[in-house]
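Thank you all for coming. I would like to walk you through one model this morning, going from its domains to its ligand and then to a few individual residues.

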Amino acid sequence: MPDRVTLPNASDVVVIGGGIMGASTAFFLSAQTDLDVTLIEKDGIATGSTGNSSAILRHHYGDQAIYSKMAWWSHQFYRDFEEETGEVIAHVDNPLVRFGQEQTEPGEYAEAGYDTLRSLDIPTTRFESDELSDQYPMIEDVESFDFGISDDTAGFSDGADAANGFARAAQQNGATVVTGVGAETLIVEEDSVVGVKTEAGNVDCETVVVAAGPWTPRLAEKVGVDIPITTTREQVLILEPPEGYKDEYPSLLPTTAQPGGDWYIRPDFGDGILVATHHTDEEVNPDRYDNNPDEEMILELTEHLSGMIPTLGDAGLRGQYCGVYSSTPDHDFILDQAGPEGCYFACGFSGHGFKHGPAVGRIMTDLVVEGTTDMVDAGFFSLDRFEESDYGHGRTADDI
Ligand SMILES: Cc1cc2nc3c(=O)[nH]c(=O)nc-3n(C[C@H](O)[C@H](O)[C@H](O)COP(=O)(O)OP(=O)(O)OC[C@H]3O[C@@H](n4cnc5c(N)ncnc54)[C@H](O)[C@@H]3O)c2cc1C
């Protein structure tokens with residue numbers, strides 16, 4: 001049996017958190033630099049939000065081209081994951097559609113995304129009202145919408161697969177991945193990081209990337225950094241379509257949501273159907289939350305679904321679980337150096353982080369090595385936007 005991986009005494013960089021963001025960062029650091037990299041995870045890889053992620057890979061973000069570009073780049077990476085990392089992950093193509101009415105807020109958002117995707121050459125199609133029932137025959141009264149904007153090459157993957165794939169590939173590149181060890185605090189001398197104190201001893205290092213999901217504020221406050229994120233519980237059901245449904249609708253259904261609604265649907269692996277809440281605003285402690293959806297919510301979600309696709313009124317319940325979003329006030333990410341020198345944060349990914357996992361790993365690597373990145377305008381993700389306003393950019397970006 002191979003020896004258990006032990007914590008090194010020293011490393012050039014320590015990444016805290018083995019979710020998609022920490023694992024991706026460890027991968028890019030180990031693939032693109034000669035730095036010694038150690039990834040520390042308090043439980044197992046992908047045991048935080050990532051393991052519960054619906055992992056939808058879409059590119060439509062209204063008029064926010066910055067996210068569309070990152071999502072597109074990341075999606076190509078997920079598609080080519082085996083070539084890029086040597087690891088295999090699940091990936092399913094499934095277009096995402098936003099139905100809309102003209103001159104409504106969700107409709108304008110959908111149309112703005114159409115224009116943005118076209119300007120970026122990302123495949124998208126606008127279906128007019130009279131084309132919708134041919135395209136989406138399973139959806140009740142679909143022709144009552146003015147249009148549908150299809151994000152043609154959207155898809156979905158699996159959070160645990162991807163984070164584990166990144167962590168294994170980082171190991172192959174020479175990184176040390178230690179699970180079951182929690183970081184207790186960063187060790188700071190003269191306003192610079194000099195190490196990480198863990199339950200299993202200290203690691204000397206001059207650079208730390210904190211990618212600890214909803215637990216990030218706890219580590220941050222120990223070094224005097226205020227990370228404004230709240231942790232909310234989301235509820236997920238996996239349904240079994242009734243007999244004959246799959247024969248009638250081989251693609252099952254598009255990934256979609258009721259315009260402006262706080263729930264969404266997508267097919268699941270093995271011909272299931274996933275329906276989930278989005279931004280319940282139910283604040284919870286990430287260490288202690290009820291992992292079973294509430295009875296009333298099960299009823300509400302199944303009613304929403306059968307209102308949209310009546311045949312699925314007879315769907316059986318195959319599985320259920322809950323997960324947490326960790327959201328900034330504007331739902332935009334924090335990718336920044338803050339606090340003592342050598343201390344970086346990648347957090348606040350809300351309900352839309354997974355699809356950007358590869359881009360975030362690359363951006364954090366650029367920030368650590370170069371202090372800047374050519375991938376995006378990293379200033380958009382700076383923490384100090386909350387010094388100017390508690391609401392940061394002041395609007396939210398993560399309609400599904
Ligand atoms: C139900 C649900 C559905 C979602 N659906 C989508 C979707 O369809 N598409 C999409 O793009 N995004 C989606 N998301 C959002 C996405 O999953 C998250 O944004 C992303 O997984 C966040 O990853 P992370 O690495 O930042 O955090 P996490 O996955 O939470 O990882 C943080 C890790 O840090 C570890 N950790 C914490 N503290 C310490 C410490 N002190 N020492 C060591 N380790 C520590 C934790 O154990 C954890 O493993 C969804 C999320 C949920 C919950």
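**Domains, ligand shell and some single residues**

Let me begin with a pair of domains: in this predicted model, the centres of domain 2 and domain 3, taken over C-alpha atoms, are separated by 21 Å. The contact between them draws 13 residues from domain 2 and 11 residues from domain 3. On the side of domain 2 that touches domain 3, the elements that give two or more residues are strand 5, residues 96-100, and helix 4, residues 105-119, and of these strand 5 gives the most, with five residues. If we sort that side of domain 2 by class, we find eight nonpolar, two polar and three charged residues.

For orientation, the full division of the chain assigns 13-52, 159-229 and 330-388 to domain 1, 95-153 to domain 2, and 230-327 to domain 3.

Let me turn to the ligand, which is surrounded by 42 residues, the closest being Gly19, Gly48, Gly213, Gly323 and Gly353. Two or more residues of this shell come from each of helix 1 (20-32), strand 2 (37-41), strand 14 (230-240) and strand 17 (316-327). In terms of class, the shell holds 19 nonpolar, 18 polar and five charged residues. Between which domains, then, does the ligand lie? Both domain 1 and domain 3 give residues to the shell, and the ligand therefore lies between these two domains.

Stepping back to the chain as a whole, its secondary structure comes to 11 helices and 19 strands. The radius of gyration is 21 Å, close to the 21 Å that the globule rule gives for 400 residues, so the chain is as compact as a globular protein of that length. Along the principal axes, the C-alpha atoms fill a box of roughly 65 × 50 × 40 Å. Of the 400 residues in the chain, 51% are buried, and among the contacts with a separation of 6 or more, 74% are between residues 24 or more positions apart.

One helix deserves a moment, namely helix 2, residues 65-79, whose 15 residues reach 21 Å from the first C-alpha to the last, close to the 21 Å expected at 1.5 Å a residue. Its buried residues include Tyr67, Met70, Trp72, His75 and Tyr78.

I will finish with three residues that sit in loops. Glu190 is found in the loop between strand 10 (183-189) and strand 11 (192-198), and its phi is near 45 degrees, a positive value in a residue other than glycine. His331, in the loop between strand 17 and strand 18 (334-337), likewise has a positive phi, near 65 degrees, and is a residue other than glycine. Is each of them buried or exposed? Glu190 is exposed, because 7 other C-beta atoms lie within 10 Å, whereas His331 is buried, because it has 20 other C-beta atoms within 10 Å.

The third residue is Tyr249, in the loop between helix 8 (245-248) and strand 15 (263-268). With 17 other C-beta atoms within 10 Å, Tyr249 counts as partly exposed. Tyr249 and Ile227 are 22 residues apart along the chain, and their C-alpha atoms are separated by 45 Å.

Technical notes
Residues are numbered from 1 along each chain as its sequence is written. This is a predicted model: local features need pLDDT of at least 70, side-chain atom pairs count only at pLDDT 80 or more; totals for chains, interfaces and linings use all residues. Domain bounds come from an automatic or database domain assignment. Two residues are in contact if their C-beta atoms, placed from the backbone, lie within 7 Å. Helices (H or I, at least four residues) and strands (E, at least two) are DSSP runs, numbered from the N terminus. Ala, Val, Leu, Ile, Met, Phe, Trp, Tyr, Cys and Pro count as nonpolar, Asp, Glu, Lys and Arg as charged, and the others, Gly among them, as polar. A residue is near a molecule or strand if its C-beta atom, placed from the backbone, lies within 6 Å of it. A residue is buried if 20 or more other C-beta atoms lie within 10 Å of its own, exposed if 12 or fewer, and partly exposed in between; C-beta atoms are placed from the backbone. The radius of gyration is taken over C-alpha atoms; the globule rule is 2.2 Å times the number of residues to the power 0.38. The expected span of a helix is 1.5 Å times one less than its number of residues.
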